[in-house]
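Trainee: Please take one small part of this structure and examine it closely with me. I should then like to see how it compares with other places along the chain.

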Amino acid sequence: MGSIEEESPLIEEGLISQEPKLYAQDGSVDLHGNPPLKEKTGNWKACPFILGNECCERLAYYGIAGNLITYLTTKLHQGNVSAARNVTTWQGTCYLTPLIGAVLADAYWGRYWTIACFSGIYFIGMSALTLSASVPELKPAECIGTFCPSATPAQYAMFFGGLYLIALGTGGIKPCVSSFGADQFDDTDSRERVKKASFFNWFYFSINIGALVSSSLLVWIQENRGWGLGFGIPTVFMGLAIASFFFGTPLYRFQKPGGSPITRISQVVVASFRKSTLTVPEDAMLLYETQDKNSAIAGSRKIEHTDDCQYLDKAAVISEEESRAGDFSNSWRLCTVTQVEELKILIRMFPIWASGIIFSAVYAQMSTMFVQQGRAMDCKIGSFQLPPAALGTFDTASVIIWVPLYDRFIVPLARRFTGVDKGFTEIQRMGVGLFVSVLCMAAAAIVEIIRLHLANELGLVESGAPVPISVLWQIPQYFILGAAEVFYFIGQLEFFYDQSPDAMRSLCSALALLTNALGNYLSSLILTLVTYFTTRNGEQGWISDNLNSGHLDYYFWLLAGLSLVNMAVYFFSAARYKQKKASKL
């Protein structure tokens with residue numbers, strides 16, 4: 001990726017008028033704590049190491065996650081619903097732990113050291129998982145005919161212990177690495193700001209290069225050469241991810257941690273409550289703010305006052321007592337406008353943030369019910385037996401195709417109609433992704449209708465045998481899901497970086513990832529509720545171990561309907577959203 005700077009779309013041509021500056025002006029520092037020279041730090045020269053880290057780390061993650069449901073059903077001998085629930089619960093946890101890493105990064109360690117420390121935890125978890133699938137005493141017993149003995153408590157402990165160490169380790173990487181990459185571009189420089197928008201596209205491209213190898217080569221190795229080797233290779237790549245990250249250290253720009261964002265939010269709530277009887281002045285200039293150029297929050301620019309959530313403005317009202325004493329140091333009684341606006345921004349983001357929950361529930365189907373649907377189809381391509389999880393390759397290929405198309409062609413074309421430098425605003429881009437996700441679930445439901453119709457015609461309902469319809473019929477739903485990702489997930493990454501307060505960027509990235517956690521948990525909940533309500537009175541249910549006697553198509557239509565409602569709510573919320581306005585340092 002070292003030539004991205006030369007190959008990236010020159011969308012800054014004709015748009016840039018300011019004179020270049022010698023040092024970055026966004027509050028970042030170099031390795032030695034000095035203002036970073038633009039010529040020697042950051043920009044695309046630092047990004048190959050970050051992108052390489054992300055590519056290898058995602059290869060490791062998807063090397064586990066992509067085919068995990070197969071391991072749970074064939075090696076740990078779990079049922080379809082139980083295995084799907086375990087997968088979505090673990091994946092949900094992987095997107096919940098970023099809240100831990102985000103708070104540590106924003107408040108204390110900074111993004112660099114948070115990534116470094118949690119990468120070590122991640123590597124230990126990967127190693128434990130590899131041992132659980134390699135050491136005979138730790139491997140679950142194989143089935144003897146139709147009898148499949150349960151794994152021992154020690155085997156469960158080793159496997160799930162490693163699995164959840166990975167979940168913890170990824171919690172320090174996920175919320176920081178995209179933000180750390182974006183930190184390499186000076187937000188006050190229009191040249192670098194435009195390149196930063198392109199960075200998010202290539203960042204997601206790197207994720208999917210790693211996922212492509214996992215969903216094709218690693219899945220085949222796991223099912224044909226053994227799970228020990230199939231888990232061991234991702235462990236090696238995780239080691240390479242750590243090495244790649246450290247190699248780039250001299251080139252990085254670092255943002256200083258600004259103190260605990262949770263503390264600052266709490267201070268605003270407490271201060272506004274304490275001053276509930278005071279009146280907010282009509283002139284916002286009378287609200288408290290530091291008089292010097294910089295914000296009171298380390299590494300943060302000042303944020304302009306907005307008129308919404310005026311009750312919170314009471315936290316920045318200077319009382320007569322404070323005015324007489326001249327003491328403005330107690331942040332639990334008096335907060336700056338910038339501090340108040342941080343909380344307002346989070347409140348404004350909430351409806352946009354919530355849209356990602358159902359989108360992520362749809363995305364979770366790729367590693368759960370899409371795989372189970374594929375296992376009930378003909379997986380032979382000529383003489384080759386295609387693992388159903390390998391169909392995830394088409395989702396990844398879709399992303400790899402769409403990212404350059406979006407960056408090179410869609411952006412310049414869209415700019416002509418929208419007048420936006422980067423083609424679409426983040427909110428517009430996410431809206432397109434939500435619409436495409438509805439099409440994905442509709443495509444999956446249609447394939448399932450065809451599969452069930454054929455199963456009924458051929459008398460395969462009772463036997464539960466795979467239906468002789470090629471698993472390649474699933475390609476459209478995977479390809480459409482990849483297009484939805486390019487629009488929604490990349491737009492989400494950019495939205496939560498650009499619109500978040502400077503000193504809360506890791507936290508806001510974690511909140512974006514939290515929608516993935518909640519989406520996976522929602523998927524588990526929907527599976528549980530659907531199973532409960534459709535199996536009453538002795539019915540087979542929509543999702544049974546024998547999918548030929550179920551109605552997986554109804555489940556997909558349910559998700560399509562929820563996605564449609566989600567899209568409508570999103571468009572309503574997006575129309576009312578107010579953009580952040582930050583001043584320069």
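Mentor: The account below begins with how to read the model, then turns to one residue and its surroundings, and afterwards to other parts of the chain.

This is a predicted model, in which local features need pLDDT of at least 70 and side-chain atom pairs count only at pLDDT 80 or more, while totals for chains, interfaces and linings use all residues. Residues are numbered from 1 along each chain as its sequence is written, and side-chain values use heavy atoms, leaving out hydrogens and water. The pLDDT is the predictor's confidence in each residue, from 0 to 100. Its mean over the protein chain is 83, and 95% of the residues reach 70 or more. Over residues 1–18, however, pLDDT stays under 50.

Our chosen part is Q184, which sits in the loop between helix 6 (153–182) and helix 7 (190–224). Helices here are DSSP runs of H or I with at least four residues, and strands are runs of E with at least two, numbered from the N terminus. Is Q184 buried or exposed? Q184 is buried, because its relative accessible area is 0%; buried means under 20%, exposed over 50%, and partly exposed in between, with a 1.4 Å probe and protein chains only. Contact means heavy atoms within 4.5 Å. Not counting residues up to four places away in sequence, Q184 touches G42, N43, A46, I50, E192, L251, Y252 and R253. With one of these, R253, the side chain of Q184 reaches the backbone nitrogen at 2.7 Å. A polar contact is a pair of N or O atoms within 3.5 Å; within protein, one must be able to donate a hydrogen and the other to accept it, and residues adjacent in sequence count only if both atoms are side-chain atoms.

The loop of Q184 leads to helix 7, which is mostly covered, since 25 of its 35 residues are buried. The expected span of a helix is 1.5 Å times one less than its number of residues. For helix 7 this gives 51 Å, and its end C-alpha atoms are 51 Å apart, so the two agree. Helix 7 nevertheless bends by about 35 degrees at L218, where a bend is the angle between axes fitted to the seven residues ending at a residue and the seven starting there. After helix 7 comes G226, with a positive phi near 110 degrees.

Helix 5 (residues 98–132) offers a contrast in span: its 35 residues would reach 51 Å if straight, but its end C-alpha atoms are only 25 Å apart. Helix 5 bends by about 125 degrees at W109.

Farther along the chain, I480 lies in helix 15 (residues 475–498). I480 is partly exposed because its relative accessible area is 23%. Beyond four places in sequence, I480 touches V436, L439, C440 and A443. In helix 17 (residues 552–575) we find W557, which is partly exposed at 38%. Its contacts outside four places in sequence are A442, A445, I446 and I449.

Finally, C309 occupies the loop between helix 9 (261–274) and helix 10 (320–325). C309 has a positive phi of about 50 degrees, although it is not a glycine, and it is partly exposed at 31%.
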